[in-house]
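Here is a friendly note to read alongside the structure. Keep the viewer open and look up each residue as it comes up.

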Amino acid sequence: MQAITIQDREAGVGGLTRSELPHPHVAENDVLVEVHTAGFTPGELDWPSTWTDRAGHDRAPSVPGHELSGVVAELGYGTTGLTVGQRVFGLTDWARNGSLAEYTAVEARNLAPLPADVDHVTAAALPISGLTSYQALFDHAHLVTGQTVLIHGAAGGVGSIAVQLAREAGARVIGTGRPGDRDTALGLGADAFLDLESEKLESVGEVDVVFDVIGGEILERSTALVRPGGTLVTVAEPVTVHPRDGRAVFFVVEPDRDRLADLARRLRDGRLKPIVGAVRPLSEAASAFAPAKRTPGKTIIRVAGAD
């Protein structure tokens, strides 16, 4: 099968190559998915799990990409809840070969059925952004109606989903980002927008929840904005500075079949819309990791029928 692989950790994006690999082994409780579309995270080549498995063993060459939409091609021993030929979408395992391949083996619990009226391109843009946003806002920050939430990167892949989920939950949403992100964030339902390049972050005032995807100085300064009893949640880096009278949580997204199914229903109902940017073939996956210019929306790789 065709796949994008990386062998040399020091080579970075330049080390991504198109390779011929054997079909993946399907272990107990696994699903072999014929990948139609795939998503990736630009920084994942730096993740430890890209280079070592759960036992700490070197696994290069590895296949990147951790979001997919496709069709079940084979079931491993003991796998239940899915059938061969079924449309599915979800997350690949962090420490196993990923979705930038014609076939990938995934734990069944990482996948959810994909409704017939949701296209593969849209579905591949949802798993990480959707699960991360939901888990941040509701599982960790316990956001409720009437609270105010500050969402950094409100026009990005994760932030744009978070804005929509928070708005639907009845929260007041303040988004942040670059100057060109204002219309997108407000169009998604944010009540207000703050330009991080020209406006003072502290002018936001106190909020109940901060959801951070940026890290660094923005994360540190955001701690002062959390009102007593509030929560700062970040996926960017472990927290070293905490709100004076609130909580701070760093987490890594976890697979959740039921939540994926819920997100798919929101898509069908028109209550949720991922921002999809470029759709590129598998042969252009390497250049998609390091685009010549920043483009809006999440880049999706079309894998089925790879050229």
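**Notes on the predicted model**

1. Let's begin with one serine: Ser222 is found in helix H5, which covers residues 216-222. Please keep in mind throughout that this is a predicted model. Is Ser222 buried or exposed? Its relative accessibility is 0%, so Ser222 counts as buried, the cut-off being under 20%.

2. What does the side chain of Ser222 touch? It makes a polar contact with the side chain of His152, at 2.8 Å. If we leave aside neighbours within four places in sequence, the residues in contact with Ser222 are His152, Leu201, Val210 and Leu232. His152 thus appears both in that contact list and as the polar partner.

3. Helix H5 also takes us to an enclosed space. The count comes to one cavity of 30 Å³ or more, and the largest cavity has a volume of about 50 Å³. Its lining is made by Gly216, Leu219, Glu220, Glu237, Pro238, Val239, Thr240 and Val241. Sorted by class, that lining has four nonpolar, two polar and two charged residues. Try selecting these residues in the viewer to find the place.

4. Next comes helix H3, residues 157-168. At 1.5 Å a residue, its 12 residues should span 16 Å, and the end C-alpha atoms are 18 Å apart, which agrees. This is a nice check that you can repeat yourself. Just after H3, Gly170 takes a positive phi of about 90°.

5. Why is H3 described as largely enclosed by the rest of the structure? Because nine of its 12 residues are buried. They are Val158, Gly159, Ser160, Ile161, Ala162, Val163, Gln164, Leu165 and Ala166. What do these buried residues pack against? Their partners include three helices by name, H2 (127-140), H4 (182-188) and H6 (257-269). Strands are among the partners too: E8 (148-151), E9 (172-177) and E11 (207-212).

6. H3 also has a part in the largest pocket, which holds about 1,600 Å³ of space. The elements giving two or more residues to the lining of this pocket are H2, H3, helix H7 (285-289) and strand E15 (298-302). In total 43 residues line the largest pocket, and those nearest its centre are Thr41, Pro42, Gly156, Gly157 and Val158. Val158 is worth a second look, since this residue is also one of the buried residues of H3. By class, the lining divides into 21 nonpolar, 15 polar and seven charged residues.

7. The second largest pocket has a volume of about 210 Å³. It is lined by 16 residues, and Met1, Pro24, His25, Val63 and Asn97 lie nearest its centre. Here the classes come to 10 nonpolar, four polar and two charged residues.

8. Pro24, from that second pocket, deserves a closer look. Where is Pro24 placed? It sits in the loop between strand E2 (16-20) and strand E3 (30-39). Pro24 has a relative accessible area of 24%, so it is partly exposed. Apart from neighbours within four places in sequence, Pro24 is in contact with Met1, Leu32, Tyr103, Thr104 and Ala105. Met1 is also among the residues nearest the centre of the second largest pocket. For a sense of distance, Pro24 and Ala192 are 168 residues apart in sequence and 47 Å apart in space, C-alpha to C-alpha.

9. The loop between E2 and E3 also holds Asn29. Phi of Asn29 is near 70°, a positive value in a residue other than glycine. With a relative accessible area of 41%, Asn29 is partly exposed. His142 is another residue other than glycine with a positive phi, in this case near 55°. His142 belongs to the loop between H2 and E8, and at 47% relative accessibility it counts as partly exposed.

10. One last backbone detail to check: which peptide bond is cis, with omega near 0°? The bond from Ala60 to Pro61 is. Pro61 lies in the loop between E3 and strand E4 (67-75).

Definitions and conventions
Residues numbered from 1 in each chain as written. Predicted model: local features only at pLDDT ≥ 70, side-chain atom pairs only at ≥ 80, totals over all residues. Heavy atoms only, no water. Helix = DSSP H or I, 4+ residues; strand = E, 2+ residues; numbered from the N terminus. Expected span 1.5 Å × (residues − 1). Buried < 20%, exposed > 50% of the residue type's maximum accessible area, 1.4 Å probe, protein only. Contact = heavy atoms within 4.5 Å. 1 Å grid on protein atoms, 1.4 Å probe; cavity = no way out; pocket = protein on both sides within 12 Å on 5 of 7 lines; lining within 4 Å. Points joined across faces, edges and corners; volume = space filled by probe spheres on them. Nonpolar A, V, L, I, M, F, W, Y, C, P; charged D, E, K, R; others polar. Polar contact = N/O pair within 3.5 Å; in protein donor to acceptor, adjacent residues only side chain to side chain.
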